[in-house]
Amino acid sequence: MHQYKAPLRDMRFLINEVLDYPAHYSSLPNGADATPEMVDAILEGAATLCEEVLAPLNASGDKEGCHLNDGVVTTPKGFKEAYAQFVAGGWQGLSFPEEYGGQGLPMSLNLFKSEMMGAANWAFTMYPGLSIGCINTLLQYGTDSIKSRYLPRLVSGEWSGTMCLTEPQCGTDLGQIKTRAEPQPNGSYVLTGTKIFISSGDHDLAENIIHIVLARLPGAPAGTRGISLFVVPKFAVAADGTVGARNGVNTGSLEHKMGISANATAVLNFEGAIGTLIGEPNKGLEAMFTFMNTARIGTAIQGVAHAELSFQGALPYAQERRSMRALSGKKEPDQVADALIWHPDVRRMLLTQKAVAEGGRAMVYAAAQIADKMFLAAQTGDQAAYAKFDNELGFYTPILKGFLTEMGLEAANLGMQVFGGHGYIGEHGMEQIARDARISTLYEGTTGIQALDLLGRKVLLGSKGKCVRDFSGTVLRFAKPHALNRGPIGGMARTLVRRTAQWNLLTTLIMLRASKDREQVGSSSVDYLMYSGFVMMGYFWALQAAKATELLASGTGKESAEFYTAKIQTAEFYFARLLPRADAHYSAALAPARSVMQMKASSFLMA
Ligand SMILES: Cc1cc2nc3c(=O)[nH]c(=O)nc-3n(C[C@H](O)[C@H](O)[C@H](O)COP(=O)(O)OP(=O)(O)OC[C@H]3O[C@@H](n4cnc5c(N)ncnc54)[C@H](O)[C@@H]3O)c2cc1C
């Protein structure tokens with residue numbers, strides 16, 4: 001079974017050469033310490049943790065899963081020790097404020113670390129991963145007393161966090177939430193209700209678990225306008241941070257699921273649990289969006305991580321396994337047959353995985369620069385800057401979450417396909433990657449919900465197409481100077497000029513049709529999201545190819561000529577073989593809503 005190796009060469013290429021992170025960090029007040037040497041040391045340290053500690057537990061954790069005995073949840077063998085190493089290394093606090101014990105570095109460094117950890121062992125990574133959204137929510141909406149009580153030990157990693165939204169009757173439609181919160185004379189609240197599917201909901205890794213819970217106050221308006229947000233610890237926490245008695249949060253069961261078996265997905269029963277209100281009454285969903293947006297970018301990384309891991313598994317197999325001869329004649333005459341990698345269709349699969357992993361990484365790392373500025377604005381209380389960057393990141397978020405997880409899942413499936421029948425059996429670890437990747441298009445808002453968020457909320461209602469025009473402007477500023485180039489970059493630039501015009505036309509046409517038929521947005525949205533993802537990834541591939549071309553010509557790059565040539569060739573593959581899928585999504589997005597709505601609900605069944 002292949003063991004994960006952190007793709008540091010590609011990460012450094014993006015960080016230092018394509019996206020110029022050194023300049024980005026030097027423009028941030030909290031970026032002074034993120035010198036290239038420091039960034040490199042962090043990348044190396046995280047890579048060692050991932051390769052030597054987390055990756056070796058990926059398959060065993062999957063096999064063993066979590067256990068629930070007498071109300072106590074235990075994680076698979078080795079997880080506790082690995083988590084202790086993660087905490088001792090100070091990894092949780094990397095990007096959180098020094099005031100609470102963190103290192104105060106920009107948020108993007110945390111994303112680089114999370115990508116490596118996620119690829120090495122996604123189920124493990126979800127334990128500290130859920131804490132990140134919990135910390136961000138408390139940082140933004142907690143009172144000083146809440147912050148001082150909970151943040152230091154969440155930031156150190158001694159405690160972990162969860163996100164408790166889903167209930168048996170609702171996951172997407174949170175307006176249906178029933179969990180109740182009764183105010184008490186002392187200002188606290190007593191929570192009663194059941195939450196299901198809670199990731200990292202209970203475990204033995206941390207001393208305490210801090211749940212962020214959506215619930216209703218007595219007499220609250222129906223629907224989403226009557227939901228409030230609470231912090232509910234597993235063990236009571238005194239004002240000075242001392243841990244006290246067990247609170248009324250109990251684990252009813254653990255879900256038996258398709259993948260991420262080593263992450264405890266818990267049914268949590270809140271039975272008279274004491275909690276504290278966060279933010280204003282009935283405005284809980286707004287506050288929860290902080291958590292959800294963090295989690296959505298975190299889940300977009302899952303697409304990249306699983307594409308990378310699956311590619312890393314498939315490549316050596318394609319180089320070693322032999323089958324028949326290449327169509328153009330023997331490539332390895334001394335061998336009984338040529339290796340799989342000589343067959344064009346196997347190359348199509350490997351290059352698709354590579355293009356998704358490296359193209360997706362570029363998209364996430366570019367968005368991370370916006371996240372750095374947004375988190376800083378939130379911390380310094382600069383509301384205008386926060387709103388600007390929140391809007392900008394808000395456009396990227398559903399595309400990254402929806403498109404990259406769909407493509408990451410495809411890449412994980414292709415990894416199995418490269419192995420033929422051997423991909424389907426457990427021994428090589430490829431089927432685990434596909435099982436683990438499957439959840440990514442479901443939780444944190446399904447692809448369908450991301451698509452509605454993008455087209456309905458962000459593009460049409462929120463900006464009347466302005467967010468697409470703004471992003472197109474960025475693409476055109478890059479593409480126009482390259483458009484007359486006679487090499488591969490020229491072709492990519494001209495394609496991007498045409499695609500951005502098409503993207504804006506698509507937006508306008510849907511807007512016009514939606515004004516006549518309200519079902520149009522819902523029937524176009526997933527194709528619109530996929531179209532947007534393909535074009536956006538095209539831009540980030542062209543950006544990488546242009547930089548590789550420039551560095552090849554100047555000879556000033558840090559990487560080898562082979563590396564830069566492969567970058568340009570992968571970009572050419574993307575433009576020739578993956579970007580054309582945008583045409584099918586374009587046509588489907590413009591199909592009249594009638595094509596899906598005309599059938600009577602009773603006519604679906606032909607049995
Ligand atoms: C392993 C795992 C871990 C999870 N972790 C957490 C967690 O930590 N915390 C938490 O709170 N939840 C968690 N969840 C829950 C998860 O976020 C929800 O399952 C998800 O949001 C979908 O909700 P649902 O299952 O109720 O599906 P539903 O909301 O019933 O949706 C079913 C289908 O209908 C579609 N649909 C629904 N409404 C619409 C609409 N208006 N328009 C178009 N399509 C629609 C959806 O896209 C989906 O395809 C987890 C789930 C799993 C399986």
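This is a short tour of a predicted model, with stops at a helix pair and at a strand with its two partners.

**The helix pair**

Select residues 107–120, helix α6, and then residues 122–141, helix α7. The two helices pack with their axes 8 Å apart, at an angle of about 155°. Angles over 145 degrees count as roughly antiparallel, and α6 and α7 are therefore roughly antiparallel to each other.

Show the side chains at the contact next. From α6, select M107, N110, S114, M117, G118 and A120. From α7, the residues to select are W122, F124, T125, P128, I132 and N136. Colour this set by class: seven residues of the contact are nonpolar and five are polar, with no charged residues.

**Strand β6**

Move to residues 208–215, strand β6. Is this strand buried or exposed? Eight of its eight residues are buried, so β6 is largely enclosed by the rest of the structure.

In a regular strand the side chains alternate between the two faces of the sheet. To inspect one side of β6, select N208, I210, I212 and L214. For the other side, select I209, H211, V213 and A215. Both faces are covered.

**The partners of β6**

Add strand β3, residues 159–164, which pairs with β6 in the parallel sense over six bridges. Centre on S160 to find I209 of β6 opposite.

Finish with strand β7, residues 228–233. Six bridges join β7 to β6, and these two strands run antiparallel. Here L214 of β6 stands opposite L229 in β7; L214 is also one of the buried residues selected above.

Terms used
Residues are numbered from 1 along each chain as its sequence is written. This is a predicted model: local features need pLDDT of at least 70, side-chain atom pairs count only at pLDDT 80 or more; totals for chains, interfaces and linings use all residues. Side-chain values use heavy atoms; hydrogens and water are left out. Axes are lines fitted to C-alpha atoms, for helices over the stretch in contact, and angles run from 0 to 180 degrees between N-to-C directions. Helices (H or I, at least four residues) and strands (E, at least two) are DSSP runs, numbered from the N terminus. Angles under 35 degrees count as roughly parallel, over 145 as roughly antiparallel, 65 to 115 as roughly perpendicular and the rest as oblique. Contact means heavy atoms within 4.5 Å. Ala, Val, Leu, Ile, Met, Phe, Trp, Tyr, Cys and Pro count as nonpolar, Asp, Glu, Lys and Arg as charged, and the others, Gly among them, as polar. Buried means under 20% relative accessible area, exposed over 50%, partly exposed in between (1.4 Å probe, protein chains only). Two strands pair if DSSP finds at least two bridges between them.
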